[in-house]
Structures are given as structure tokens and as C-alpha cells.
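Subject: Structure handover

Hello,

Please find the structure below, with the sequence beside it. My notes follow, and each term is explained where it comes up.

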Amino acid sequence: MSATAVMAHLPALAVVVPLMTAPLTVLVNRPALVWRLATLSCLLTFAVAVGLLARVLELGPFVYEIGGWAAPWGIEYRIDAFNAYVVLVVTGVSAVAMPFARRSVEREVERDRAYLLYCAWMLALTGLVGIAVTGDLFNVFVFLEISSLATYVLVSMGRGRAAPLAALRYLVVGTVGATFFLIGVGLLYEMTGSLNMADLAARIPPIADSRVVHAGFVFIVLGLALKAALFPLHAWLPGAYGAAPSAVTAFLAGTATKVAIYALLRVVFTVFGARFAFGTMAFDVLLVPLALAGILVASAVAVFQQDLKRMLAYSSVAQIGYMLLGAGLVSEAGLTGGIVHMFNHALAKTALFLALGCIAYRVGTVTVASMAGLGRRMPWTMAAFVLGGLSLVGVPLTAGFVSKWYLVQAALERDLWWVAAIVLFASVLALIYTGRVAEAAYFRPAVPGGLPDRAREAPLSMLVPVWLLVGLNFYFGIDAALSAGVAGEAARGLLGGVS
Amino acid sequence: MSVETTLVVALLLPALGSIFVGLSGWHPNVRETVTLATAGITLWLVASLWPVVAAGGRPRIELVETLPGVPLVLELEPLGMLFALVASFLWVVTSVYAIGYMRGHHELNQTRFYVCFAVSISGALGVAMAGNLFTLFVFYEVLTLATYPLVTHSGTEEARRAGRIYLGILLSTSIGLQLAAIVWTWAIAGGLDFTPGGLLAGKVDGPTAGILLCLYVFGVGKAAIMPLHRWLPAAMVAPTPVSALLHAVAVVKAGVFTVLKVAVYVFGLDLLSELEAGRWLAYLAGFTIIAASLIAMRKDNLKARLAYSTVSQLSYILLGALLATSASVAGAGMHIVMHAFGKITLFFCAGAIMVATHKTEVSQLAGLGRRMPITMAAFLVGSLSIIGLPPFGGMWSKWFLAAGTLQAGEQVLLGVLMLSSLLNVAYLLPIPAKAFFGKPTDRSDAGGFQEAPMACVAALVLTALGCALLFIEPDPFHQLATQAIAPLATSH
Amino acid sequence: MLELLALHYNYLAVVVLMMTGLYVVIANGNLVKKVIGLNIFQTSVFILYISFGKRLGGTAPILSPDFELYSNPLPHVLILTAIVVGVATTALALALVIRIHRGYGTLEEDEIERIEAEEQGGAG
């Protein structure tokens with residue numbers, strides 16, 4: 001196939017590559033080989049994502065018709081700066097976490113089931129990328145369920161009997177969410193006769209006063225908010241993240257909720273349009289307080305967690321609040337802040353969860369108490385954890401700072417003092433919960449016999465991905481031209497007709 | 001090497017040096033040689049920039065544009081020059097002192113200590129050389145984070161609690177208030193560059209400017225204005241060289257320096273002198289001066305007493321900045337230098353006493369003058385300079401600050417300064433007086449001459465001599481301080 | 001009003017099923033019954049979609065001069081996909097339930113929570 005042909009089919013390739021890898025992993029069924037295959041596939045998908053983003057930045061948004069069927073009858077993939085950006089984040093996180101996974105999975109998952117983990121991982125990746133690229137609402141549902149089912153499997157593969165329980169709880173909530181979404185899509189179809197997002201965007205405004213459209217909006221938003229773990233619909237998240245194998249947690253933390261947020265923003269801004277969503281439905285009146293409450297409550301809860309995985313999971317709930325807050329401010333700066341935070345948070349949180357994975361690999365447990373004296377035993381891992389934590393806090397020169405800058409700016413633009421104050425105050429809470437870990441690791445002497453003898457520095461194959469992400473946290477904190485630039489472009493695209 | 005390159009190299013050198021310090025951790029002699037060499041070269045580089053700045057040059061270099069319109073910029077102007085000179089010179093002296101102290105005191109984790117120390121100096125130099133508010137904020141935070149491990153150095157429960165207070169107050173004020181103020185400034189002025197005459201001049205007035213000023217003053221927790229001063233006494237659990245350089249010079253001076261920069265280059269003296277809020281904050285600074293002195297009198301722990309003295313002295317500089325007259329700003333700039341030399345001498349003495357005799361309380365020091373005459377003499381010199389008596393440098397900055405209060409028509413604040421000098425006498429002078437004339441309570445003190453290690457004594461003698469020298473030759477620093485507001489002065 | 005409801009009794013059934021399903025999911029402590037509730041909830045949506053497509057008196061969409069009224073096939077096709085997804089979800093959920101039963105020896109949520117609390121109390 002020639003290069004131009006490959007370029008033309010990039011959107012399909014992003015979905016097809018991981019999708020085809022999944023059955024292969026089952027056929028091969030040898031852990032080491034399967035891992036190689038999966039890693040290759042992740043890297044390939046990432047390359048495709050880079051190609052997509054480059055193409056969008058060069059040529060602007062473009063449409064890809066699946067099987068050559070024209071929309072609205074056929075399914076089309078519509079690529080603009082926003083979804084190219086999200087695909088880049090998702091595939092990037094996967095491409096970093098997968099190389100890390102081998103050692104981690106060896107320790108945490110039974111050998112004869114490891115290939116299933118890689119298979120589910122590839123399916124989850126397929127689903128997540130699919131949600132991001134597609135321009136068809138029902139197709140979103142299908143990909144949503146592909147990724148969700150795969151995710152439930154991934155979570156259930158964690159150690160101990162709590163993992164299947166967490167997976168089932170996640171499954172119940174996730175299925176309810178997806179079904180809500182399905183109801184909403186059905187109602188919209190009934191009113192407009194279309195499932196294509198762009199087509200819907202044109203057909204909704206004339207019937208915007210219909211009660212059915214309003215109900216459709218509510219069902220879709222509720223369903224996606226459940227998937228995105230918007231406070232107070234977040235209860236499933238800490239359990240699922242806490243129980244999943246370390247590498248899976250890192251992968252999910254960087255991708256799953258982000259994609260749900262992407263879908264939410266896409267539906268709210270592109271399909272319904274900001275005027276309908278924030279004017280007629282007054283969505284921001286609900287969204288901003290919930291986002292802020294999530295930021296505060298989840299950060300505060302994180303401070304009191306003893307298990308570090310759960311602590312970071314609650315922190316994720318808070319960070320989701322930041323992303324949705326940006327959307328709720330309905331301005332270019334706000335949306336840019338929210339979208340760039342998807343990117344920055346993926347960098348920071350994946351780095352942190354991977355660092356925890358290193359600790360789990362060597363120490364076994366990841367509680368605050370088990371950190372004592374670890375700064376000496378695992379210097380590189382702990383340094384990475386501290387630096388990743390700084391990015392989470394939003395210290396200048398780290399990626400996290402860039403998001404906060406935009407969010408505070410957006411809040412001040414609208415004279416929302418208290419919003420800016422809460423955003424900044426929550427940074428202090430983040431400082432407390434990450435600082436606690438640093439303090440224990442560096443300044444609390446190790447309890448004699450507290451750390452197992454194998455608690456030495458993690459293997460290189462695990463450290464390299466962690467430090468790669470830490471490095472990127474600083475790179476994108478010092479020069480945010482690319483990350484914030486594309487996010488700005490995406491924000492302008494979403495606001496499109498409004499302004 | 002061009003001037004701009006020198007700027008960057010001087011900034012990065014301590015940080016780079018810290019890597020080598022870290023790598024040479026297993027060989028104390030190599031490690032300390034690297035520390036000294038780095039400190040020496042840094043001082044030489046900074047000093048080589050002095051003539052350029054004194055001649056009116058403003059070396060400036062844009063490193064990278066972090067966000068659209070928000071670049072990392074280095075620009076050296078007179079006030080920054082002054083601060084950079086003080087910090088880099090005293091780093092050399094403190095390095096000498098630290099070697100004696102850390103070895104004499106058998107501290108653990110010395111490599112981590114030297115690494116963090118060097119990074120802190122990079123942070124302080126970055127604050128001095130920052131060309132806009134964003135860059136200043138970046139290095140302000142670097143300084144906070146790099147000094148945290150130094151505060152918690154010993155790892156005891158007390159040290160960790162102090163570390164929590166330290167980080168808690170400094171980071172929450174800077175992220176919560178200062179960052180908000182910076183973003184707001186950006187929204188109003190469309191830029192963050194330090195501008196002679198004031199970035200905000202003519203763009204805001206009245207209540208908005210007042211709130212913004214409060215955000216800045218309270219957002220700079222390092223300036224330790226009450227009620228945000230708690231971190232400073234808490235930080236005294238750190239090893240003495242840290243207290244000496246960082247908590248008497250680099251960190252706290254970075255705080256007041258930030259306020260001074262904001263006063264001169266963000267608000268501009270014209271705007272600031274019209275603000276009602278500025279007056280009220282100046283009174284709060286006055287209150288801090290008196291209240292901290294009163295607390296200092298009641299502290300028996302020597303380092304705690306010196307810490308409260310620092311809180312009080314920092315508010316002198318805040319007062320000078322907030323009164324926004326030509327004399328008061330010059331006085332504030334000079335007080336950065338004068339107080340630095342005076343206070344570091346006192347801390348060096350406190351550390352020397354601790355190393356030689358393991359005494360930490362003022363009440364234990366009676367009769368110590370016979371055993372440690374050099375140290376106690378230096379302590380007397382430092383005290384007199386802090387009080388502001390000739391023939392020591394502290395006199396000059398107080399002189400200009402006092403003149404500034406009169407320029408601004410604030411006789412009450414003049415009274416505050418005078419009262420504070422009396423209080424300084426009351427809490428500082430009894431210490432050397434007791435040491436020389438008091439009766440030893442402890443029989444070992446009656447014994448012969450027993451000073452701290454050579455390196456410690458050499459360092460404290462040097463800074464004590466500095467106090468005297470600054471009385472004779474204050475002019476270079478006075479010039480730098482007045483240069484900062486010169487364009488404004490001529491426009492009147 | 002009554003007439004409207006009588007004519008659209010299928011929608012009424014959808015609402016009743018939907019609420020029943022959701023109630024069971026939320027209120028019932030038995031994990032298998034939760035899964036059943038989930039199924040009822042999903043089934044209500046299947047009926048909803050099928051109702052959307054159905055036209056009274058309409059026939060299958062095969063072009064023929066004898067008929068003018070066709071049902072819309074698309075919702076029916078769509079819901080076929082959703083049914084498949086539902087089956088997969090149920091299968092996975094039941095598999096998880098089996099593993100939970102193996103781990104805890106019970107399927108009652110309050111008992112599982114008690115075991116968890118004891119475990120944590122013992123550890124901490």
C-alpha cells in the first residue's frame with residue numbers, strides 16, 4: 001500500500017490495528033510473545049495518532065467514510081483537532097503503559113491468564129479510540145460498550161477477591177450509564193431521524209423546544225457523566241482503580257474517563273450546541289457547582305486515604321472536576337484549560353500510577369505506612385513520584401501549572417472569584433496528599449523489617465516509561481506551545497458557531 | 001562570554017554544581033571542594049555583571065515561551081543585582097561555615113544537604129534575575145521546594161511538623177493568592193513584564209488595585225508579614241547554616257524582594273502612594289515590627305529569638321516598599337543588604353555556640369564571653385548593626401527608611417521605627433552583655449579559650465567585618481537601590 | 001389522557017420496566033438479582049427502540065407495489081446490536097458473580113461489606 005493510501009485510511013487504522021491485535025493475542029497465547037505483539041500494536045496505533053494529528057493541523061478537519069457509504073446513511077469518522085488530540089493522549093498513554101506492563105503483569109496476574117489481559121487491553125484501546133474518532137452517535141454507544149466490557153475484565157484481573165467485586169460494581173454503574181446514553185440517542189433519533197453528529201447538529205435547533213429533545217439531552221449527559229465519574233457519580237472509580245492490576249490502573253486513569261469527557265463535550269458542544277446546552281438547558285448552572293464540589297470533596301477525601309492507589313483515584317475524581325469546570329465556564333480560555341488538562345493530567349497521573357506500579361512490584365503494598373524509608377531504597381521511583389506529584393499540584397514549570405493557568409484565567413474573565421479561589425485552594429489539597437507520601441518516603445526512617453529485602457530499585461523496563469512521562473511533564477510545563485496550542489484549536493472548534 | 005550568557009550560566013551553575021555534589025557524595029572532601037568552587041565561580045560571574053548594570057545596562061534574555069505571551073525571561077536590573085550579589089557572596093561564606101558546622105555537628109545526610117542548598121541558591125538567583133512576574137513565581141516556588149528538605153533535614157517528628165507548616169504556609173499563600181494576583185495582573189495589563197514606572201500604572205485604580213496589592217503582599221508568604229510569619233520560627237529546626245543563609249538571607253529576602261519588585265515595577269510608586277490599601281498594609285507592617293520584637297524578647301531559645309527578630313526586620317523592608325517614596329524604597333533596598341550581613345553574623349554565632357558548647361538557650365550563655373570571645377564579639381557587632389547604630393551598616397538603611405516615613409508624612413511609623421530600635425536593644429544586647437559580664441552558671445564555661453571549628457569562626461568574622469565595611473562604603477548599594485527608581489525620579 | 005396512554009401502552013410498559021429494573025439494581029442487595037434488574041432495565045430500552053421503528057399496519061421494508069406503509073428497520077437493527085451487547089454484559093456479570101461467590105462465600109452485598117470491614121479492621 002502506498003504512503004498516501006495509508007494516510008487516507010489513518011482514521012480507520014487507529015481502530016483497526018488494536019482491534020485486529022486482540023484475536024491474535026488469543027491465538028498466540030504465550031505471555032512473552034503476546035506482550036511483544038501488544039506493545040508493537042500500541043506503538044503502531046500511537047504512530048497513527050501522531051499522523052492523524054499532523055494531518056489535522058496541516059489540512060484542518062476532515063471526514064472519513066467507512067466503507068465509502070456517505071453520511072448520514074453510512075458511518076463517518078470526523079477528525080478535528082479535538083479528537084485527534086484525544087486519540088493522541090489515549091494511544092500515547094497506552095504506548096507508555098504497555099512496555100511497563102510486562103514485569104508488572106508477571107508479578108500481579110497469573111501466568112496462564114496474562115494473555116487475556118493483553119487481549120482485553122487491546123479491545124479497551126479499540127473502544128476508546130473508536131469513541132474518539134467516530135462521528136456517529138450510535139457508533140459511540142457500540143465503542144463505549146466495547147471499551148467498557150474490556151475494562152470490566154481488566155479490573156477483575158487484579159489481585160484478591162476484591163477485584164471481581166469492584167469489577168461487578170463498575171459493570172452495574174457502567175451499564176446503567178451506557179443504557180441511559182442509549183435511551184437518549186433513541187429519543188434523538190426518533191425526533192430527527194439521524195444518528196450522524198453533524199447532521200444532528202443541523203436538525204436539532206428547529207425542534208429545540210421539544211420536550212423529547214430535552215429528555216434526550218438529559219439522558220445522554222447523565223449517561224456520559226456516569227462514565228466520566230463526574231461527582232457525585234464517581235463512586236465506582238476508586239474501587240475499580242484500587243482493585244485493578246497496577247499497569248491497568250495507569251492505563252485506565254490516563255484514558256477511560258478522559259474519553260468519556262471527550263464524548264460529553266462533543267455531544268454538548270457539537271451535537272446540541274453551546275446555545276442549547278447552556279442557554280436552554282442551563283447545563284452550566286449544574287455543571288460548575290458539581291465540578292467544584294468534586295474538586296473539593298474528592299481532594300479532601302484523598303488526603304485521608306491510606307492506600308495510595310485509592311488516594312490517586314480520588315485525586316482523579318477531583319481532576320475530572322477541573323476538566324469539566326473548564327467546559328462549564330463556556331469560554332475559549334476555560335475550554336482550553338479543560339482540554340489541556342486532559343493531556344496534562346494524563347501525563348501526571350499515568351506517571352504517578354506507574355511509579356506506584358514500581359513500588360507494588362518491589363514492596364507489594366502501596367500504603368502510606370509502607371512508604372517509610374523508601375526514598376533511600378528506591379530513589380529513582382520515589383523521585384519520579386514526587387516530581388509527578390508536583391505536576392499534579394500545579395507547580396510552575398510542570399504541565400499541571402499550564403492547565404491551572406487557563407482555568408484561573410477563565411474564571412477571572414467571568415469575574416467568578418470564588419471559582420478561581422477553589423481551583424487554587426484544591427492545589428493546596430493536592431500538595432497535602434502528595435506531600436504526605438514524600439514526607440514518609442524521605443523523612444520517616446524505615447521500620448526495621450518493614451520493607452522486604454527485595455525492595456530495591458525497580459527494573460529499568462519499568463523505570464524508563466515512568467521517567468519518560470516525568471520528563472514530558474516538565475517539557476510540556478516549560479514549553480506548552482504544542483499542548484496548549486492544539487487544545488486552544490480544539491476549544492475554538494467546539495465553540496465554533498457560538499461566540 | 002556575552003553578558004546574557006553570563007546571566008544564564010550564573011543562574012544554572014549552582015543547579016549544575018548540585019548534580020556534581022550529588023555524584024561526589026561518597027567523598028566528602030571532593031563534595032565540599034565542588035561546593036566551594038561552584039559558589040566561588042557563581043559569585044565571580046554575578047560580580048562581573050555588576051559594572052554592566054551599574055552603568056545602566058539591563059541584560060535580558062528570553063529563554064522559552066511557556067504559554068502564549070507568558071515567557072520565561074531573565075532580566076537583571078539594579079534591585080535584582082543587589083539581591084544577587086548579596087545571595088551569591090554570602091553563599092561562599094556560608095559554604096565555608098557549613099563545612100565546619102556540619103562536620104563539627106556530625107550531621108547525617110550531608111550530601112542531600114549540599115545538593116538542596118545549591119538548588120536553593122539557583123532559586124534565589126532566579127528570583128533576583130526574573131524578568132517578569134511569571135519567571136519570578138517559578139523561581140520563588142523552586143526556592144520553596146528546594147528548601148523544604150533542608151527544614152525537615154533531621155527527620156525528627158518536630159522537624160517534619162515544621163516542614164509541614166513551612167510548606168503549607170509558603171505554598172498555599174503563593175499558589176492561592178500570588179498566582180491569582182499574577183493571572184489577574186495578566187488579565188488587566190496583558191503582560192507580565194516588570195516595567196519601570198509600573199506595569200499597572202494607569203490601568204487600574206481604587207479598590208481593584210487595593211485588592212490586588214493585598215493579594216501580592218499576603219501572597220508572598222516569604223515576606224513573613226503577620227499573620228503569615230509562623231513558618232519562619234518553625235523553620236529554625238533546620239541546621240544552622242540553613243537558618244543563616246536561607247532563613248535570614250535567601251528565602252526571606254526573596255520574599256521582601258518580590259514585594260519590592262511588585263511595588264516598584266508592577267504598581268509603580270505613583271500608583272502605590274495613592275492607594276489607601278498600601279497605607280493600611282504599611283501599618284500592618286509597622287504592627288509586625290513591634291509585635292515580633294516583643295515576642296523576640298520573650299524567647300529564650302537563641303535561634304527562635306533571632307527568627308522573630310528577622311520577622312520584625314523584614315517588615316522594615318515591606319514598610320519601605322509600601323510607603324513608596326524615593327527614600328523609603330532606597331532604604332528598603334539597602335536594608336536587604338544590611339540586614340543580611342547583620343543577621344547572618346548572628347546566626348553564625350548561634351551555630352558556633354551550638355557546635356562548641358551544645359547550648360541553645362539565651363539563659364545558658366552567661367559568662368561565655370571568656371570561652372568564645374571572637375564569637376561573642378562578632379555577635380555584638382551583628383547586634384549593633386541590626387539595631388542600627390554607627391559604625392555599622394544597619395544605620396544607613398534605617399536612616400533612609402526613617403527619611404521615607406517623613407517623606408510620606410507618616411510620623412506614627414517613624415515612631416514605630418524608633419521604638420523598634422529600642423526593642424532591638426532590649427532583646428539583642430543583653431546576650432553579649434551577659435556573655436561578657438555575666439557569671440558562668442556552668443563550670444566548664446569558666447575554663448579556657450574554646451572556639452568553634454576554624455571554618456566557622458572565619459566565616460563569622462568575615463561577615464562581622466562586612467557589617468563595619470558597609471558603614472564606610474554603603475554607596476555602591478545605595479546607588480543600585482536608587483537606580484531602580486531613577487527614571488521615575490527624573491520624570492518628576 | 002387515558003386514551004393517549006391506552007394507545008401507547010407499549011411506552012407505558014417501557015417506563016414500568018425501566019423503573020422496575022433500576023429499582024432492583026439500586027435496592028436489592030443480592031448480586032444475582034442486581035444482574036437481573038440490569039437485564040430488565042436494558043430490555044425496557046429494547047422495547048423502546050422497537051416501538052420507535054414500528055408503524056401500525058406497516059410491513060417489513062421490502063419494496064412492493066402492494067404496500068405503502070413500512071416500518072423503519074433501522075431502530076430494529078440498532079437494537080440488535082444493543083441486545084448482543086446486553087448478552088455479553090450479562091455473561092460477564094455472571095462470570096464475575098461466580099468469582100465473587102468463590103471469594104466471599106456469599107452473594108449478599110451487606111455480608112460482603114461486613115467481611116471487608118472485618119478484614120480492614122483486622123489489618124489496621
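A residue counts as buried if 20 or more other C-beta atoms lie within 10 Å of its own, exposed if 12 or fewer do, and partly exposed in between, with C-beta atoms placed from the backbone. By that rule, 23% of the 124 residues of chain C are buried.

This is a predicted model, in which local features need pLDDT of at least 70 and side-chain atom pairs count only at pLDDT 80 or more, while totals for chains, interfaces and linings use all residues. Residues are numbered from 1 along each chain as its sequence is written, and chains are lettered from A and ligands numbered from 1 in the order in which they are written.

Chain C

Helices (H or I, at least four residues) and strands (E, at least two) are DSSP runs, numbered from the N terminus. Chain C has five helices and zero strands, so its order from the N terminus on is α-α-α-α-α. Its radius of gyration is 21 Å, where a compact globule of 124 residues would have one near 14 Å. That radius is taken over C-alpha atoms, and the globule rule is 2.2 Å times the number of residues to the power 0.38. Along the principal axes, the C-alpha atoms of chain C fill a box of roughly 75 × 35 × 20 Å.

Two residues are in contact if their C-beta atoms, placed from the backbone, lie within 7 Å. Of the contacts in chain C with a separation of 6 or more, 44% are between residues 24 or more positions apart.

Where chain C touches chain A

This contact takes 26 residues from chain C and 22 residues from chain A. On the chain C side, α3 (31-53) and α4 (73-104) each supply at least two residues. The largest share, 15 residues, comes from α4(C). The residues on this side of chain C divide into 20 nonpolar, four polar and two charged. Here Ala, Val, Leu, Ile, Met, Phe, Trp, Tyr, Cys and Pro count as nonpolar, Asp, Glu, Lys and Arg as charged, and the others, Gly among them, as polar.

Where chain B touches chain A

In this contact, 23 residues of chain B meet 25 residues of chain A. The elements of chain B that give two or more residues to its side are β1 (60-67), α5 (133-151) and α6 (157-189). With twelve residues, α6(B) gives the most. This side of chain B divides into 14 nonpolar, six polar and three charged residues.

A hairpin in chain B

Two strands pair if DSSP finds at least two bridges between them. β1(B) pairs with β2 (residues 70-75) of chain B in the antiparallel sense, over six bridges. One of the bridge partners is B:Val70 in β2(B), which is matched with B:Leu67. The hairpin has two residues between the strands, and B:Gly69 takes a positive phi near 80 degrees there.

A helix in chain A

Helix α21 (residues 481-495) of chain A has 15 residues and reaches 20 Å from its first C-alpha to its last, close to the 21 Å expected at 1.5 Å a residue. The expected span is 1.5 Å times one less than the number of residues. Among the buried residues of α21(A) are A:Ser483, A:Val486, A:Gly488, A:Glu489 and A:Leu494. The buried residues of α21(A) pack against α4 (81-108), α11 (246-272), α15 (332-362), α18 (399-413) and α20 (460-478) of chain A, together with β1 of chain B. After α21(A) comes A:Gly496, with a positive phi near 25 degrees.

A glycine in chain B

B:Gly415 sits in helix α17 (residues 411-428) of chain B. B:Gly415 is partly exposed because 13 other C-beta atoms lie within 10 Å. Its C-alpha atom is separated by 32 Å from that of B:Val204, which is 211 residues apart from B:Gly415 along the chain.

Regards
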